[in-house]
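User: I should like to go through this structure by question and answer, beginning with charged side chains and ending with the overall fold. Please give the reasoning behind each answer.

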Amino acid sequence: MTNFLPALYEGHAPITLQTLFRDALEAYDDWDEDMPEPIVSFEGKVVPISAVFDWMRPCTDIMPANMLGIVTDRLTKPWSGTGPLDEMTVSTAARVMSVLVRRRLRRFGRGSIEAFAERFNQPICPGQPG
């Protein structure tokens, strides 16, 4: 499903993938608890945020400071990295976000595709076929 996303180059993400990752973080940040998994758009295709986070798991880039709060605000323990400046990699952030998405989807009970399809298969007026 995500084979159309750009590949990492020696662990580094191209700017288009970094932007998509930021969009996925922001979509998670805006995600209401009772809604299906958010999707983001990449080159005219929609991608669930879980796919973006999974795709970025091998990325060794350092998380930009302006996106770090979206991840660290959701941790149950304060962040303490092992680097000289306690920097978090995109890989670490992607792994954390993957877990958070899976937990929320378990609570919601369904993924975005099923809920999206079901929403549009409902009859407009009661008693009429969809």
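**Salt bridges and packing**

Analyst: In this predicted model, a salt bridge joins the side chains of Arg22 and Glu26, with an N to O distance of 3.8 Å.

User: How many residues apart are Arg22 and Glu26 in helix H1, and what separation does this give in helical turns?

Analyst: Both residues belong to helix H1, which covers residues 15-30. Glu26 is partly exposed, with a relative accessible area of 37%, and Arg22 is partly exposed at 31%. Because Arg22 and Glu26 are four residues apart in this helix, their separation is about one helical turn.

User: Which residues are linked with Arg22 in a network of salt bridges?

Analyst: Arg22 also forms a salt bridge with Asp23, where the closest N and O atoms are 3.0 Å apart. Asp23 is partly exposed, its relative accessible area being 25%. Arg22 therefore takes part in a salt bridge with Glu26 as well as one with Asp23. The residues linked with Arg22 in the network are Asp23 and Glu26.

User: Which salt bridge links distant parts of the chain, and how many residues apart are its partners?

Analyst: Arg74 and Asp29 form a salt bridge, with their closest N and O atoms 2.5 Å apart. Arg74 lies in the loop between helix H3 (65-72) and helix H4 (90-108), whereas Asp29 is in helix H1. Arg74 is partly exposed at 27% relative accessibility, and Asp29 is partly exposed at 38%. The pair that links distant parts of the chain is Arg74 and Asp29, 45 residues apart.

User: How many salt bridges does the count come to?

Analyst: Arg22 pairs with Asp23 and with Glu26. Arg74 pairs with Asp29. The count comes to three.

User: On how many sides of H1 do its buried residues lie, and what arc do they cover?

Analyst: The buried residues of H1 are Leu17, Leu20, Phe21, Ala24, Leu25, Ala27 and Tyr28. They lie on the same side of H1, because the arc they cover around the axis is only 160°. The face turned away from this buried side carries the exposed residues Ile15 and Asp30. The answer is thus one side, as the buried residues share the same side of H1 within an arc of 160°.

User: Against which elements do the buried residues of H1 and those of H4 pack?

Analyst: The buried residues of H4 include Val90, Ala94, Met97, Val101 and Leu105. Ser91, Ser98 and Arg104 are also among the buried residues of H4. For H1, the packing partners of the buried residues are S1, H2, H3 and H4. For H4, they are H1, H2 and H3.

User: What span should H4 have at 1.5 Å a residue, and what is the distance between its end C-alpha atoms?

Analyst: H4 contains 19 residues, so at 1.5 Å a residue it should span 27 Å. The distance between its end C-alpha atoms agrees with that value, at 26 Å.

User: How many residues has the largest nonpolar core, and which have the most contacts inside it?

Analyst: H1, S1, H3, H4 and helix H2 (49-55) each supply at least two residues of the largest nonpolar core. Ile49 touches residues including Ala24, Ala27, Tyr28, Trp31, Val40 and Val101, when residues up to four places away in sequence are not counted. The core has 31 residues, and those with the most contacts inside it are Phe21, Leu25, Ile49, Phe53, Met56 and Met63.

User: Which residue other than glycine has a positive phi, and is it buried or exposed?

Analyst: The residue is found in the loop between strand S1 (39-42) and strand S2 (45-48). Its phi is near 50°, a positive value. Its relative accessibility is 64%, so it counts as exposed, the cut-off being over 50%. The residue is Glu43.

User: In what order do the elements run from the N terminus?

Analyst: The chain has five helices and two strands. Buried residues make up 35% of its 130 residues. Among contacts with a separation of 6 or more, 69% involve residues 24 or more positions apart. From the N terminus on, the order is α-β-β-α-α-α-α.

Note on methods:
Residues are numbered from 1 along each chain as its sequence is written. This is a predicted model: local features need pLDDT of at least 70, side-chain atom pairs count only at pLDDT 80 or more; totals for chains, interfaces and linings use all residues. Side-chain values use heavy atoms; hydrogens and water are left out. Buried means under 20% relative accessible area, exposed over 50%, partly exposed in between (1.4 Å probe, protein chains only). Contact means heavy atoms within 4.5 Å. A salt bridge is a side-chain nitrogen of Lys or Arg within 4 Å of a carboxyl oxygen of Asp or Glu. A nonpolar core is a set of buried Ala, Val, Leu, Ile, Met, Phe, Trp, Tyr and Cys residues joined through side-chain atoms within 4.5 Å. The arc is that of the directions from the helix axis to the C-beta atoms. The expected span of a helix is 1.5 Å times one less than its number of residues.
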